[in-house]
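Visitor: I have the sequence and the model open side by side. Could you walk me through what to look at?
Guide: Happily! Let's go question by question.

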Amino acid sequence: MSNLMNRRILLGVSGGIAAYKSAELIRRLQDMGADVRVVMTRAAEAFMTPLTLQALSGHPVHNDLLDPEAEAAMGHISLARWADLILIAPASADIIARLAHGKGDNLLTTVCLARRCELAIAPAMNEAMWHNQATQDNLAILQQRGIHQLGPASGGQACGDIGMGRMSEPSTLASEVSHFFETGLLAGKTVVITAGPTREAIDPVRYISNHSSGKMGYALAQATVDAGAKVILISGPTALPCPDRVTCIHTSSAIDMYQSSMDHLPGCDIFIASAAVADFRPATIAEQKIKKTGQDTMHIEMVKNPDIVTAIANADPKPFVVGFAAETHDVIHYARDKLQRKNLDMVVANDISDTHIGFNSDDNIVTILTAESEQYLPKANKFQQAQRIIQAIAKQY
Ligand code: PMT
């Protein structure tokens, strides 16, 4: 799978005949899994219509720094925050000069000033303009600032000259851009994560559940997507928003969660079971609300739920499977037992007898177990623990 899967590329298009290639560039980036949004300069609009790039990218094209509507919805700061990478292609001699001098006189230069992500430029201009000392000095300034330069290529130019200054081909640019994201620990992997509690219905208004908030699983989903993976989060009922760039599937009962997990098994490289799945469910669900009149006790017959993580770990072919163990005593002993009995590659053990960690708290203390190793992770918030767990998985996988 591509390094660009789920990556957000802000494509800046400046004025030049090569602007026509930006249409194909959007397609090549999308083919590799990227979400592409476009900012155009006014000069670019003389060569390519915003409507074409809107249709191709599937998002409105941004072009006006002072557009009150754009400011309200997604202004320069939001666009800069949204992007994982800004790519200016084509980058004219003019936009290069503006960047070199820190100008913020149009939306594109302002977004570049406000960015925290990497910036890459694909210069495109006539070969005399390319060789002009002013252009070369400006490029040297950008290079010193760590701005990446992709191309240009040499060859025939629109004006009839032959030489340096042709914008690199869209497929070459897309491939070069994908290298920026190679460092992700789980780049190109598909990871399925279960999170939160399950609800086992008794009747239309009542259910049996547990105290899982989903915080641990959602933190894992965020850390995993940050590590470059495609993430499918199969969640029981929680109050948490779906993490950025994660595909969330909302389930309720253990049977729903089991079905959804099996549906996402094909193509899954790593399965992480952090959900607190009910081991049992009522044998029957009353169709109508059960009345309490005339009874002082109530008996609910329970039947066993399918064990999701065991089913995944015994599939053929099987992904790398990580289970959690929530224990109140003899934590490591029981966790090791789960590692073997459930045929897991790794178990993350947490002590749920301490109410400051584990269920429904912001922090956790965990021990990561494999057949050969044991790694204790002292108290930290769940996102930090998730990052450490992902590092351990990437090392072992
Ligand atoms: O959601 P939070 O409030 O942040 O709390 C986090 C947590 C404490 C719920 C989490 O860290 C955790 O420990 N999750 C696993 C809870 C659990 O159900 O543990 P278990 O020991 O009962 O189950 C062992 C493993 O089997 C788990 O990976 C579980 O997801 C899985 N399982 C269990 C039963 C079942 N029917 N199907 C399963 O897949």
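Visitor: How far is an oxygen atom of the ligand from a polar backbone atom of Ala275?
Guide: Bear in mind that this is a predicted model. A polar contact needs N or O atoms within 3.5 Å. For the pair formed by a ligand oxygen and a polar backbone atom of Ala275, the distance is 2.6 Å.

Visitor: Which residue has a side-chain N or O atom 2.6 Å from an oxygen atom of the ligand?
Guide: Let's separate backbone from side chain here. Asn360 offers a polar backbone atom, at 2.6 Å from a ligand oxygen. The side-chain N or O atom at 2.6 Å from a ligand oxygen belongs to Ser212.

Visitor: How much of the area that the ligand exposes when taken alone does the protein bury?
Guide: Start from the ligand by itself, which exposes 770 Å². With the protein in place, the buried part of that area is 95%.

Visitor: Where does the ligand sit, and which residues come nearest?
Guide: The ligand is found in the largest pocket. There are 27 residues around the ligand. Those that come nearest are Ser212, Ser213, Lys338, Asn350 and Asn360.

Visitor: Which element gives the largest share of the shell around the ligand?
Guide: Three elements each supply at least two shell residues: α10 (215-226), α12 (308-313) and β16 (320-327). One of them contributes four residues, the largest share, and that is β16.

Visitor: How many residues of the shell are nonpolar, polar and charged?
Guide: It helps to count by class, beginning with the six charged residues. Nine more are polar, and the nonpolar ones number 12.

Visitor: Which residues of the UniProt "binding site" feature are in the lining of the largest pocket?
Guide: The unreviewed UniProt entry places that feature at Asp279, Lys289, Pro306, Asp307, Ile308, Val309, Phe324, Lys338 and Lys342. These positions span 64 residues of sequence and are also spread in space, with up to 37.6 Å between C-alpha atoms. From this set, the pocket lining takes in Asp279, Pro306, Asp307, Ile308, Val309, Phe324, Lys338 and Lys342.

Visitor: Where is Pro306 placed?
Guide: Pro306 is among the positions in the UniProt "binding site" feature. Follow the chain from β15 (302-304) towards α12, and Pro306 turns up in the loop between β15 and α12.

Visitor: Which residue does the UniProt "active site" annotation cover?
Guide: Look in the loop between β6 (153-156) and β7 (162-166). The annotation, from an unreviewed entry, covers a residue in that loop, Cys159.

Visitor: How far apart are the end C-alpha atoms of residues 186-395?
Guide: In the unreviewed UniProt entry, this span carries the feature "domain: DNA/pantothenate metabolism flavoprotein C-terminal". Residues 186-395 are 25% helix and 28% strand. Their end C-alpha atoms are separated by 10 Å.

Visitor: Which residues does a cis peptide bond join, with omega about 0°?
Guide: Most peptide bonds are trans. One cis bond leads into Pro90, which lies in strand β3 (residues 85-91). Another leads into Pro317, in the loop between α12 and β16. The joined residues are Ala89 and Pro90, and Asp316 and Pro317.

Visitor: What is phi of Asp330 near?
Guide: Most residues other than glycine have a negative phi. Asp330, in the loop between β16 and α13 (331-341), has a positive value, near 45°.

Terms used: Residues numbered from 1 in each chain as written. Predicted model: local features only at pLDDT ≥ 70, side-chain atom pairs only at ≥ 80, totals over all residues. Heavy atoms only, no water. Near = heavy atom within 4 Å. Polar contact = N/O pair within 3.5 Å; in protein donor to acceptor, adjacent residues only side chain to side chain. Areas by Shrake-Rupley, 256 points an atom, 1.4 Å probe, with all protein chains shown as cover. 1 Å grid on protein atoms, 1.4 Å probe; cavity = no way out; pocket = protein on both sides within 12 Å on 5 of 7 lines; lining within 4 Å. Sits in = over half its atoms within 2 Å of the grid points. Nonpolar A, V, L, I, M, F, W, Y, C, P; charged D, E, K, R; others polar. UniProt positions renumbered as here; feature names shortened; annotations may be inferred.
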